[in-house]
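I opened a new structure today and kept notes as I went. The entries are short, in the order I looked things up.

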Amino acid sequence: MRILVVDDMASMRHVMINMLRHVGFDDIDEAVDGYQAMVLLKSRPYDLVISDLNMPKIDGLQLLQAIRQDRILAKTPLLMVTGENEKEKVQQALLAKVSGFVIKPFNMNTLEKQLTRLHLLD
């Protein structure tokens, strides 16, 4: 399984990647924003995208919308990582068919529950 982790903060990318490795995933790429993520998504297939909501250039919501509008990428599961309490952004992500949310601060258990819910983890 190939996973793309998208976050403008290197420390958050590394925390997420370490958690994913801990539960058995090792084919993981990273992107610093939605723009770089789209370049990677166009160059190779991914089984899961985990993206921060707030990023420069192209944020997580714009990335989600771009993925859902692309006929090749549209079915790619996307977990949104956010510390947002703003109902409006969460509602917009739900309307754009986000696959799930991981709310900051999160732990390994939270991530495992989302991966299990998406049938990506036994």
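These entries go through the sheet, the helices and then some single residues.

**Entry 1: the sheet.** I noted at the outset that this is a predicted model. I began with the strands. In what order do the strands of the sheet lie? I read the order as S2-S1-S3-S4-S5. These 5 strands form an open sheet, and their pairing is parallel. I then looked for the edges and found strand S2 (27-31) and strand S5 (100-103) there. Each of these two pairs on one side only. I also looked up the turn between neighbouring strands of the sheet, which is 20° on average with direction ignored.

**Entry 2: one strand pair.** I picked S1 and S3 for a closer look. S1 covers residues 2-6, and S3 covers residues 48-52. I counted 4 bridges between them, in the parallel sense. Which residue of S3 is the bridge partner of Leu4? I found Val49. As a reminder to myself, strands of a sheet pair through backbone hydrogen bonds.

**Entry 3: a helix on the sheet.** I moved to helix H3, residues 60-69. H3 lies across S1, S3 and strand S4 (78-82). I checked its direction against S4 and got an angle of about 170°. Angles over 145 degrees count as roughly antiparallel, so I put H3 and S4 down as roughly antiparallel.

**Entry 4: two helices together.** Next I looked at helix H2, residues 34-43, which packs with H3. Two packed helices are described by the angle between their axes and the distance between the axes. Here the angle is about 25°, and the axes are 9 Å apart. H2 and H3 are therefore roughly parallel to each other. H2 passes H3 in a right-handed crossing. I listed who makes the contact: H2 gives Gly34, Ala37, Met38 and Leu41, while H3 gives Leu63, Ala66 and Ile67. I sorted these contact residues into 6 nonpolar, 1 polar and no charged.

**Entry 5: a cis peptide bond.** I went through the peptide bonds next. A cis bond joins Lys104 and Pro105, with omega about -10°. I placed Pro105 in the loop between S5 and helix H5 (108-117).

**Entry 6: positive phi.** I looked at Lys97, which is not a glycine yet has a positive phi of about 70°. Lys97 sits in the loop between helix H4 (87-95) and S5. Is Lys97 buried or exposed? Its relative accessibility is 61%, so I wrote it down as exposed. I also noted His119, another residue other than glycine with a positive phi, near 60°. His119 is in the segment after H5. With a relative accessible area of 71%, His119 is exposed.

**Entry 7: Ser99.** I went back to the loop between H4 and S5, where Ser99 is also placed. Its relative accessibility is 18%, so Ser99 counts as buried. What does Ser99 touch? Leaving out residues up to four places away in sequence, I listed Arg68, Pro77, Leu78, Leu79, Arg117 and Leu118.

**Entry 8: Gly83.** I closed with Gly83, in the loop between S4 and H4. Its relative accessibility is 44%, so I marked Gly83 as partly exposed. I then took the distance from Gly83 to Leu121 and got 24 Å, C-alpha to C-alpha. In sequence these two are 38 residues apart.

Methods: Residues numbered from 1 in each chain as written. Predicted model: local features only at pLDDT ≥ 70, side-chain atom pairs only at ≥ 80, totals over all residues. Heavy atoms only, no water. Pairing = 2+ DSSP bridges. Axes fitted to C-alpha atoms, helices over the stretch in contact; angles between N-to-C directions. Contact = heavy atoms within 4.5 Å. Parallel < 35°, antiparallel > 145°, perpendicular 65-115°, else oblique. Left-handed = near helix turned anticlockwise from the far one by under 90°. Nonpolar A, V, L, I, M, F, W, Y, C, P; charged D, E, K, R; others polar. Buried < 20%, exposed > 50% of the residue type's maximum accessible area, 1.4 Å probe, protein only.
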